[in-house]
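Here is a walk through one protein chain, meant to be read with the model open beside you. Turn it around as you go and check each stop for yourself.

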Amino acid sequence: MIGQVHAIAVSGMTAAQTRLQAAASNVANLPTEGYRRVVARAEAQPEGGVRVRSERLPAAGADLPADLVEQRMAATAFAANLQVFQAADRMAGSLLAARA
């Protein structure tokens, strides 16, 4: 059970990292003419966790406000998943200590 919680939290952190990378790439390429933005799409997995994939939008165009918001949301999601991972780690440690 604890291992599954760790795996789900890691998948959430990985998804958040991918979202952050996509948004950062979009901001870095604002001055690039014809640049097509990258978006990260997350999909819930039946066994828990998420799978994320990056894709380019079909049309060129910048959206700085959306990319800045996406960066903030991705950073917050990463921090939340890290808290879940750390809490599961503490619980596992407590269970092991109780059994010893």
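How many residues lie between β1 and β2 in the hairpin, and which glycine in the turn has a positive phi? Five residues separate the two strands, and the glycine is glycine 48, with a phi of about 110°. Keep in mind that this is a predicted model, so everything here is read off computed coordinates.

Let's stay with the hairpin for a moment. Strand β1 covers residues 38-44 and strand β2 covers residues 50-56; the two run antiparallel and are joined by seven bridges. If you want to see how they line up, start with valine 38, which stands opposite arginine 56 in β2. Step along to valine 39, and its bridge partner in β2 is glutamate 55. As you walk along, it helps to remember that side chains in a regular strand alternate between the two faces of the sheet.

Now zoom out to the whole chain. Besides its two strands it has two helices, and reading from the N terminus the order is α-β-β-α. So what does the overall outline look like? The C-alpha atoms fill a box of roughly 65 × 25 × 15 Å along the principal axes. The radius of gyration tells a similar story: the chain has 17 Å, whereas a compact globule of 100 residues would come in near 13 Å. Buried residues make up 27% of the 100 residues. The accessible surface adds up to about 6500 Å², and carbon and sulfur atoms account for 60% of that. As for charge, there are 10 positive and 8 negative side chains, with the centres of the two sets 4 Å apart.

How do the distant parts of the sequence meet? Take the contacts between residues at least 6 apart in sequence: 60% of them join residues at least 24 apart. A good example starts at alanine 9, which sits in helix α1, residues 2-28. Its C-alpha is 6.3 Å from that of valine 84, even though the two are 75 residues apart in sequence. Beyond its neighbours up to four places away in sequence, alanine 9 touches Asn81, Val84 and Phe85. Alanine 9 counts as buried because its relative accessible area is 1%, and the cut-off for buried is under 20%.

Further along helix α1 you reach arginine 19. Is this arginine buried or exposed? Arginine 19 counts as buried, because its relative accessibility is 17% and that falls under the 20% limit. Setting aside neighbours within four places in sequence, arginine 19 is in contact with Ala40, Glu70, Met73, Ala74 and Ala77.

Glutamine 21 belongs to helix α1 too, but here the label changes. Glutamine 21 is partly exposed because its relative accessible area is 49%, and exposed would need over 50%. From its C-alpha to that of alanine 75 is 11 Å, with their positions 54 residues apart along the chain.

One of the contacts of arginine 19 deserves its own stop: Met73. Methionine 73 lies in helix α2, which spans residues 64-99. At 44% relative accessible area, methionine 73 is partly exposed. Its C-alpha is 20 Å from that of leucine 57, and the two are 16 residues apart along the chain. Measure in your viewer to valine 50 instead and you should get 16 Å between C-alpha atoms, for a pair 23 residues apart along the chain.

That brings us back to the hairpin, since valine 50 lies in strand β2. Valine 50 is partly exposed, with a relative accessible area of 32%. What does valine 50 touch, not counting residues up to four places away in sequence? The list is Ser11, Gly12, Ala15, Glu43, Ala44 and Gln45. Ser11, Gly12 and Ala15 fall within the range of helix α1, residues 2-28, while Glu43 and Ala44 fall within β1, residues 38-44.

Terms used:
Residues numbered from 1 in each chain as written. Predicted model: local features only at pLDDT ≥ 70, side-chain atom pairs only at ≥ 80, totals over all residues. Heavy atoms only, no water. Helix = DSSP H or I, 4+ residues; strand = E, 2+ residues; numbered from the N terminus. Rg over C-alpha atoms; globule rule 2.2 N^0.38 Å. Buried < 20%, exposed > 50% of the residue type's maximum accessible area, 1.4 Å probe, protein only. Contact = heavy atoms within 4.5 Å. Areas by Shrake-Rupley, 256 points an atom, 1.4 Å probe, with all protein chains shown as cover. Lys, Arg positive; Asp, Glu negative; His and termini not counted. Charge placed at Lys NZ, Arg CZ, Asp CG, Glu CD. Pairing = 2+ DSSP bridges.
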